[in-house]
Amino acid sequence: MGNPVEIKKNIYSVGVKDWNVRDFHGYTTSRGSTYNAYLIVDEKIALVDTVKNRFSSRLLENIAKIVDPAKIDYLISNHTEPDHSSSTPHVMAAAPGATIIATAAGKSGLEKYYGGSDWKINVVKTGDTLNIGSRTLSFVATPMAHWPDSMVTYSPSDKLLFSMDIFGQHFASSGCFDDEVPYDELMREAKKYYANIIMHLGKVVKKTLPAVEQLDIDMAAPAHGLILRKHIPDFVASYKDWADCKPTPKVLVIYDTMWMSTEQMAKAILEGATRPGVDAKLIKLSVNDLTEIMTEVLDAGALAVGSPTLNNNILPTCAAFCAYLRGLKPTNKIGAAFGSHGWAGGGAKQVDEELEKTGIARVREPLTCVYKPDAATLEECRKLGAELADKVEQYK
Ligand SMILES: [Fe+2]
Ligand SMILES: [Fe+2]
């Protein structure tokens, strides 16, 4: 589960590693995750965030290796989401004299989740500070990054930002810092996390990043995954690109099929899009994971999305994809819907409506066929693929 690690003088990472979690409210965490909490030992003792409640005793054991948990003076709650706050009742039971520091929305969230009517909660806003001895911590509210209650905590004398979900990764490893894992794996997990948790908050990220950038930091300690001490500039640059869902020359052909007709269409679209310099990918929904698919969507230039018609309706796997996609609100994408049907259409049309509601600019009406694509339809599919490839080549 990991022992405490001193990340700066008298500041310890005391959270837990959840090696085996694979389903984080639908997000497939193939490398597990961590719930990071940090203990600052100064004249006053401050704990930054807690962990998922099933690990609460482990958190308290980790703290006890450094100080008696009863001596905690402040519990700084950067974020009310239960992966970070649900051990609050356990911490407050161990340290009944502690004062919780949270935003106004954080206070209300903690009270709604956990009652805590006898807890002392000091409400802070951007610019407020807390002196704990040799350090003066300051707080920056980051509403909607990730929830309305969210904030980050900054220790100027340590050049350290407790960045909450921002810069997080669902990534359990034996290492503690970003330079202790392979760089490509780190960035892949950071991208996956952004795509599945933060993509829909691009506008908020654009507002929040300047506030983070103006801080003098050499370490960012997020609430999940590795602590950044080497790759902060890479994360900031990536977040800027991801906030715009910056398109690359990539065409995704995402589909499902019943009797291989929509699959034939998908393969013809892929064939049309395949050329040097364009990353064209075929993604069948029933054999791919939505978490991984959204990671591909984040920087794709174009999406062709196909569904056959089942009972006058979209296929359930395609409906699930469309619903997830719509919630994540990708920007800067073009696309088109396609699919086969029998006597009554509907699947491709519904995909088209979903793409429209998602804000994806469609390059044509839904491309459909009855029962099975003939040579002319397959040629039209190849043309669609080529058109999408033509349009994303500008991003080279
Ligand atoms: Fe969160
Ligand atoms: Fe989180």
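**Exercise 1. Describe how the protein chain of this predicted model is divided, and characterise the contact between the two parts.**

Solution. The chain falls into domain 1, covering residues 5-243, and domain 2, covering residues 250-395, and the model that shows this arrangement is a predicted one. The contact between them draws 13 residues from domain 1 and 15 residues from domain 2. Taken over C-alpha atoms, the centres of domain 1 and domain 2 are separated by 38 Å.

The next step is to put an area on this contact. The size of an interface is often given as the accessible area lost when the parts come together. For domain 1 and domain 2 the buried area is about 1,300 Å², and carbon and sulfur atoms give 53% of that area.

**Exercise 2. Work out which polar and charged pairs cross the interface of domain 1 and domain 2, and which elements of domain 1 supply its side.**

Solution. Begin with the counts: four salt bridges are found across the interface of domain 1 and domain 2, and the count of residue pairs in polar contact between the two domains, with both residues at pLDDT 80 or more, is eight. On the side of domain 1 that touches domain 2, the elements giving two or more residues are strand S5 (27-28) and helix H5 (183-198). Helix H5 gives the most to that side, with six residues. Sorted by class, the side of domain 1 that touches domain 2 holds five nonpolar, five polar and three charged residues.

Now take a single pair. The side chains of Asp299 and Lys191 form a salt bridge with an N to O distance of 2.8 Å. Burial is called at under 20% relative accessible area, and by that cut-off Asp299 is buried at 15%, as is Lys191 at 14%. Because Asp299 lies in the loop between H9 and strand S19 (302-306) while Lys191 lies in helix H5, the pair ties together parts that are 108 residues apart in sequence.

**Exercise 3. Decide whether helix H9 is largely enclosed or open, and state what is found at its start.**

Solution. Helix H9 spans residues 290-298, and seven of its nine residues are buried, so the helix is largely enclosed by the rest of the structure. The buried residues in H9 are Thr291, Ile293, Met294, Thr295, Glu296, Val297 and Leu298. At the start of H9, a side-chain oxygen of Asp289 comes to within 2.8 Å of the backbone nitrogen of Thr291.

**Exercise 4. Compare the salt bridges of Glu189 with Arg31 and of Arg275 with Asp390, and place such pairs within the structure as a whole.**

Solution. By the rule applied here, the structure contains 36 salt bridges. In the pair of Glu189 and Arg31, the closest N and O atoms are 2.4 Å apart. This pair links distant parts of the chain, since Glu189 sits in helix H5 and Arg31 in the loop between S5 and strand S6 (33-35), 158 residues apart. Glu189 is buried, with a relative accessible area of 2%, whereas Arg31 is partly exposed, with a relative accessible area of 28%.

The second pair brings together the side chains of Arg275 and Asp390, at 2.8 Å from N to O. Arg275 belongs to the loop between helix H8 (261-273) and strand S18 (279-284) and Asp390 to helix H12 (residues 375-392), so the salt bridge ties together parts 115 residues apart in sequence. Arg275 is partly exposed, with a relative accessible area of 22%, and Asp390 is likewise partly exposed, with a value of 45%.

To finish, follow the shared partners: salt bridges join a set of residues into one network, including Arg31, Glu189, Lys191, Glu296 and Asp299.

**Exercise 5. Locate Asp179 and identify what its side chain meets.**

Solution. Asp179 lies in the loop between strand S15 (160-164) and H5, and at 35% relative accessibility Asp179 counts as partly exposed. Leaving aside residues up to four places away in sequence, Asp179 touches Arg229 and Lys230. With Arg229, the side chain of Asp179 makes a polar contact of 2.9 Å. Asp179 and Leu226 are 47 residues apart in sequence, while their C-alpha atoms are 8.7 Å apart in space.

How values were computed:
Residues are numbered from 1 along each chain as its sequence is written. Chains are lettered from A and ligands numbered from 1 in the order in which they are written. This is a predicted model: local features need pLDDT of at least 70, side-chain atom pairs count only at pLDDT 80 or more; totals for chains, interfaces and linings use all residues. Side-chain values use heavy atoms; hydrogens and water are left out. Domain bounds come from an automatic or database domain assignment. Contact means heavy atoms within 4.5 Å. Buried area is the accessible area (1.4 Å probe) that two parts lose on being put together, summed over both. A polar contact is a pair of N or O atoms within 3.5 Å; within protein, one must be able to donate a hydrogen and the other to accept it, and residues adjacent in sequence count only if both atoms are side-chain atoms. Helices (H or I, at least four residues) and strands (E, at least two) are DSSP runs, numbered from the N terminus. Ala, Val, Leu, Ile, Met, Phe, Trp, Tyr, Cys and Pro count as nonpolar, Asp, Glu, Lys and Arg as charged, and the others, Gly among them, as polar. Buried means under 20% relative accessible area, exposed over 50%, partly exposed in between (1.4 Å probe, protein chains only).
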